[in-house]
Amino acid sequence: MTRSAGSRTADDLEFPDDTARQASMDHAPSGATTLERPVPPEAAAAPLPLVLSADTEEDLRARAAALRDLLAGTGTKDTTGTGAADTTGTAGAPDPASAALALASRGGDGPHRAVLLVTGRDDALNGLDALAAGEAAPGLTTGTVQDGALAFLFTGQGAQRPRMGAELRAAFPVFAEAFDEVCHVLDPHLPRPLREVIDSGDADLLSRTEYTQPATFAVEVALYWLLESWGVRPDVLAGHSIGEIAAAHAAGVLSLQDAARLVAVRGRLMQALPAGGVMTAALASAADVAPYLEGRTATAGIAAVNGPTSVVLAGAERTVGEIAAELAAAGRKTRGLPVSHAFHSPLMEPVLDDFRAAVADIAFHSPRIPVVSTVTGLPVSPDEMCTPGYWVDHIRATVRFADAMATLEARGTTTYLEVGPDAILTSMGKSCLTPGRPAALLPTVRRARPEAPTLLASLAQAYVRGAHVAWHACFAGTSVRPAELPAHLVPAETPLAPPAPLEK
């Protein structure tokens with residue numbers, strides 16, 4: 001892939017409620033343009049982003065009021081005679097879809113920003129009324145650009161679920177194409193076609209490590225390609241456990257073919273290990289747990305440090321059980337995790353030599369985007385990830401997620417976009433950051449939430465914080481045509497060019 005990293009900006013916002021944006025476009029008011037995407041009956045259609053920006057808050061509110069009047073059929077309309085017949089709705093007013101594309105196709109963004117996600121005219125009018133009045137509304141995100149960097153965080157194992165990504169495949173052709181390509185590359189390494197496993201609805205089958213890790217990788221890579229097609233470029237990357245392989249591919253360290261082989265071999269070897277290992281979460285720091293591991297490191301260890309007072313122990317059932325009981329007796333809360341194997345523990349050591357041999361001929365490249373390692377918790381050097389040895393250690397080593405988050409924060413990151421099938425790191429990461437500092441952790445997908453609205457809501461938050469989003473690319477695969485809008489709503493600026501094809 002061709003990528004570039006640039007500065008980002010930020011201010012503090014909370015994740016909005018998605019429940020008001022779940023209506024299907026099939027129920028939009030008369031005059032709305034229906035997107036030509038196959039949407040599963042249980043899925044919410046992708047909402048339309050109405051994007052406004054201005055140099056001042058007063059100008060932003062004035063633009064919202066003018067757009068509201070235009071969509072209601074009471075404002076000044078374009079008189080050039082160039083508008084297409086299907087871009088008008090009630091009383092000759094532009095419909096929200098056509099107006100949204102026209103706004104998204106302009107060039108340049110002001111520091112005061114707003115994104116209103118709507119499914120039809122009523123949503124648009126109500127939201128624009130609120131924006132013009134300086135009030136909150138369902139689907140409305142506002143903010144002012146501030147300094148800060150954008151990080152992509154790739155989720156680890158445990159976020160998988162049947163049919164994950166299916167709604168994104170229906171809503172966004174770029175995601176569907178990317179997902180199919182990743183599955184095509186992975187399938188020769190797997191006992192069964194990966195898409196068949198994900199879409200089967202069989203949670204037990206998907207939870208087999210030989211499928212879990214490739215499936216998580218496939219969804220994350222497809223999400224990354226979708227975000228890149230929308231012009232969302234991270235300043236830095238990090239990944240939790242298996243997520244670090246997706247991060248390495250995104251950074252250019254691994255080609256898709258080599259990353260797929262590494263993921264598949266890793267999952268297959270781990271699946272073949274004897275069952276019996278366990279993992280237990282403990283509300284304690286690594287320093288608190290260290291004394292309990294003395295004399296026991298041959299059969300147990302710290303698998304992950306997920307926060308200042310959040311660790312995961314892994315290893316032989318008896319050893320981890322004894323440590324958990326001792327921690328509980330000392331007043332520390334513990335909880336067993338439902339896993340098939342004791343990942344990142346001494347019980348992984350039998351696969352290390354076979355894994356090293358299997359990936360010995362993989363070609364590695366220096367990262368083109370900065371990466372913070374969760375093996376060390378520090379920025380990687382140009383060659384650090386470029387040996388089989390690093391990825392062998394990656395299987396056995398503690399996942400230092402908390403350290404990686406501290407490094408990201410110290411290097412100026414204020415917006416964290418989780419790239420994965422659930423909001424695991426979004427939740428864990430909050431405890432790793434300095435309280436009171438402006439930061440936002442945003443999930444691209446969240447379990448039990450409609451996928452397309454959740455993704456667009458998080459992109460809206462990233463955009464108002466200063467991230468670049470090529471909003472016009474969100475309309476790829478639809479029949480929507482841009483409306484002709486008055487100059488005071490669409491300033492005379494150079495239109496955005498279509499995104500360049502991705503180099504995969």
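Student: What makes the order of the four-stranded open sheet, and how does its pairing run?

Tutor: In this predicted model, the strands line up as β8-β9-β7-β10, and their pairing is antiparallel.

Student: Why are β8 and β10 called edge strands?

Tutor: Each of them, β8 (300-307) and β10 (334-337), pairs on one side only.

Student: How do you know that β7 and β9 are paired?

Tutor: Two strands pair if there are at least two bridges between them. Strand β7 (residues 277-282) and strand β9 (residues 310-316) are joined by six bridges, so they count as paired. For one bridge, look at Ala-281, whose partner in β9 is Val-312.

Student: Which helix packs on this sheet, and what does it touch?

Tutor: That is helix α12 (residues 317-329), in touch with β7, β8, β9 and β10. The direction of α12 makes about 145 degrees with that of β9.

Student: Why is Cys-386 called buried?

Tutor: Buried means under 20% relative accessible area. Cys-386 has 18%, so it falls under that cut-off and is buried. Cys-474 is at 7%, so the cut-off makes Cys-474 buried too.

Student: How many disulfides does the structure hold?

Tutor: Zero.

Student: What makes helix α9 mostly covered?

Tutor: Count the buried residues in α9 (residues 243-250): eight of its eight residues are buried. Among them are Ile-245 and His-249. The elements covering these buried residues include β5 (147-154), α8 (209-229) and α14 (388-396).

Student: What is the phi of Gly-252, just after α9?

Tutor: Gly-252 takes a positive phi, about 90 degrees.

Note on methods: Residues are numbered from 1 along each chain as its sequence is written. This is a predicted model: local features need pLDDT of at least 70, side-chain atom pairs count only at pLDDT 80 or more; totals for chains, interfaces and linings use all residues. Side-chain values use heavy atoms; hydrogens and water are left out. A disulfide is a pair of cysteine sulfur atoms within 2.5 Å. Buried means under 20% relative accessible area, exposed over 50%, partly exposed in between (1.4 Å probe, protein chains only). Helices (H or I, at least four residues) and strands (E, at least two) are DSSP runs, numbered from the N terminus. Contact means heavy atoms within 4.5 Å. Axes are lines fitted to C-alpha atoms, for helices over the stretch in contact, and angles run from 0 to 180 degrees between N-to-C directions.
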